[in-house]
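Here is a guided look at a protein bound up with DNA. Take a moment with the picture, then read on.

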Protein chains: 2
Amino acid sequence: MSVTREKILELGEELILTKGYNGFSYQDISTVMGIKNAAVHYYFPSKENLGLSILKTNAQRFEEMVENMQNRGFNEWQQMEAFTKVYIKSNRENKICLIGSLGTDINTLTDPMRTELQKMVDRIVSWLELTLQNGREKGLFHFSMPPREMALRILASLVAGLQLARILNKTDFKAIHQSIWEEITPK
Amino acid sequence: MSVTREKILELGEELILTKGYNGFSYQDISTVMGIKNAAVHYYFPSKENLGLSILKTNAQRFEEMVENMQNRGFNEWQQMEAFTKVYIKSNRENKICLIGSLGTDINTLTDPMRTELQKMVDRIVSWLELTLQNGREKGLFHFSMPPREMALRILASLVAGLQLARILNKTDFKAIHQSIWEEITPK
DNA sequence: TTGATTTTACTTATTAGTAAGTATATTTGC
DNA sequence: GCAAATATACTTACTAATAAGTAAAATCAA
């Protein structure tokens, strides 16, 4: 696949995570890349098209990560740890996540983008739920609420953890994500 | 104070909470109100000016709520309950909160707005921290981590709870906010 | 030379913002 | 008490900048 196309996707994603979907333009992309506006339109005819591609790329990346972890025989604890690490990296880079960013702009998105976002979040919550449930059965985690509730709670902590850390202080994210582990670690 | 000005502030806030700061324009306000674009500029010369006014109005509303609760002799449990109710109402109205919305757009805001946002969030976290600490001393709450960590954790749950609920399902917010109480209620 | 890629040169729409004017109150000087 | 001055609350009619998007020509690479 074209290296230009890849780079546009990468930059577009970064812009969504740093300035928000309605806070960036094709100009932002073309200027940084040293190409013309129309070249971006060549690969992604519309902004919606670009946004949708970014969403699908992300959903795919998640699936690959999950598949990869299972191939390597990661247990549920290790899988949760790896998932958390993605967020720790985002925090280090002063980025929020796609869910938090597009969640804010959801009413300005087109139906295909909204649907794709819902699909992605739903998939992540389902995976978290299953991982928490299986991990609890093995005694790797300890919590009493239904796994789906716990999944939503953990995801919410991570999503808004990044936002709060960017507003207040980067180090605040650590406090938030560590408290997740305190809650689910068996005594 | 002018009723038109009040209405612009109200509508502006609603637009930030539904479409995001970079997702609405003065046109959105003037069209709904049946006035001209320039009339909005008459009250708020720039969009930054409007955004700043909305932030300050919100911060003031928070202070009034806290003051009011203390005048009425609310204990810490009741105060936490009242704070949570503000978020439950937002969820009912398909709105997210100012923190989550402006948190996404923070890098596109001017310094005065960023500073005001930080000030507001800092104030809320401090209040949460103090309320949790005092409540724990009285035996109203039970938790072992430092109060500030718990404050950040609760705020993160509420902020992203609204976002996740708007993406997935309104009822998911209930699961998230109820799990907060499960965590801090003494056994 | 053919197809993929990219630029040139646009269009159309929307944005924030402004200058000047108008009608209606409200205040002030006498 | 009343005319003149002034403030309030807008509208009309713009500007300059930027947005997304397009058609056609030029360039490049196999």
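## A buried acid and its partner

Let's start with one residue: B:D172 is buried, with a relative accessible area of 7%. Keep in mind that this is a predicted model. What does the side chain of B:D172 meet in a salt bridge? The partner is A:R148, and the N to O distance is 3.1 Å. B:D172 sits in helix α9 of chain B while A:R148 sits in helix α8 (residues 147-167) of chain A, so this pair joins two chains. A:R148 is partly exposed, with a relative accessible area of 28%.

Now look for B:R148 and A:D172. They form a salt bridge too, with the closest N and O atoms 3.1 Å apart. B:R148 belongs to helix α8 of chain B and A:D172 to helix α9 (residues 172-184) of chain A, so here again the pair joins two chains. B:R148 is partly exposed at a relative accessible area of 28%, and A:D172 counts as buried at 8% relative accessibility.

## A little network of charges

Side chains of opposite charge can pair when their charged atoms come close. Take B:E183 and A:R153: they form a salt bridge whose closest N and O atoms are 1.9 Å apart. B:E183 is in helix α9 of chain B and A:R153 in helix α8 of chain A, so this is another pair that joins two chains. Both B:E183 and A:R153 are buried.

Which residues do salt bridges with shared partners join into one network? They are A:R153, A:E183, B:R153 and B:E183. Over all chains, the whole structure holds 23 salt bridges, and four salt bridges are counted between chain B and chain A.

## Where the two chains meet

Zoom out to the whole contact between the protein chains. On chain B, 43 residues are in contact with 43 residues of chain A. Together the two chains bury about 3600 Å², and 60% of that is on carbon and sulfur atoms. In chain B, the residues that lose the most area to chain A are B:T104, B:R153 and B:I167, together 19% of what that side buries.

There are also 19 residue pairs in polar contact between chain B and chain A, both partners being at pLDDT 80 or more. Several helices of chain B each give at least two residues to the side that touches chain A: α1 (3-19), α6 (98-105), α7 (111-137), α8 (147-167) and α9 (172-184). The largest share, 14 residues, comes from α8(B). Sorted by class, this side of chain B has 18 nonpolar, 15 polar and 10 charged residues.

## Holding DNA strand C

Next, the DNA. DNA strand C is surrounded by 17 residues, and the closest are A:Y42, A:Y43, B:H41, B:S46 and B:K47. Of the strand C atoms that come within 4 Å of the protein, sugar and phosphate account for 71%.

Some contacts go to phosphate oxygens of strand C: a polar side-chain atom of A:Y43 lies 2.5 Å from one, and a backbone N or O atom of B:Y26 lies 3.1 Å from one. What about the bases? An N or O atom in the side chain of B:H41 is 3.3 Å from a base nitrogen of strand C. The elements giving two or more residues to this surface are α3 (37-43) of chain A, along with α2 (26-33) and α3 (37-43) of chain B. The largest share, four residues, comes from α3(A).

## Holding DNA strand D

DNA strand D is also surrounded by 17 residues, the closest being A:H41, A:K47, B:T4, B:K36 and B:Y43. Phosphate oxygens of strand D have several protein atoms beside them: a polar side-chain atom of A:S25 at 3.2 Å, a backbone N or O atom of A:K47 at 2.8 Å, and a backbone N or O atom of B:K36 at 2.9 Å. For this surface, the largest share comes from α3(B), with four residues. By class, it has nine nonpolar, six polar and two charged residues.

## Tucked inside chain A

Finally, find helix α6 (residues 98-105) of chain A. Eight of its eight residues are buried, so the helix is largely enclosed by the rest of the structure.

A:Q79, in helix α5 (residues 76-92) of chain A, counts as buried too, at 5% relative accessibility. Its side chain reaches the backbone oxygen of A:F74 at 3.1 Å.

Methods
Residues numbered from 1 in each chain as written. Chains lettered and ligands numbered in written order. Predicted model: local features only at pLDDT ≥ 70, side-chain atom pairs only at ≥ 80, totals over all residues. Heavy atoms only, no water. Near = heavy atom within 4 Å. Polar contact = N/O pair within 3.5 Å; in protein donor to acceptor, adjacent residues only side chain to side chain. Contact = heavy atoms within 4.5 Å. Buried area = accessible area lost by both parts, 1.4 Å probe. Nonpolar A, V, L, I, M, F, W, Y, C, P; charged D, E, K, R; others polar. Buried < 20%, exposed > 50% of the residue type's maximum accessible area, 1.4 Å probe, protein only.
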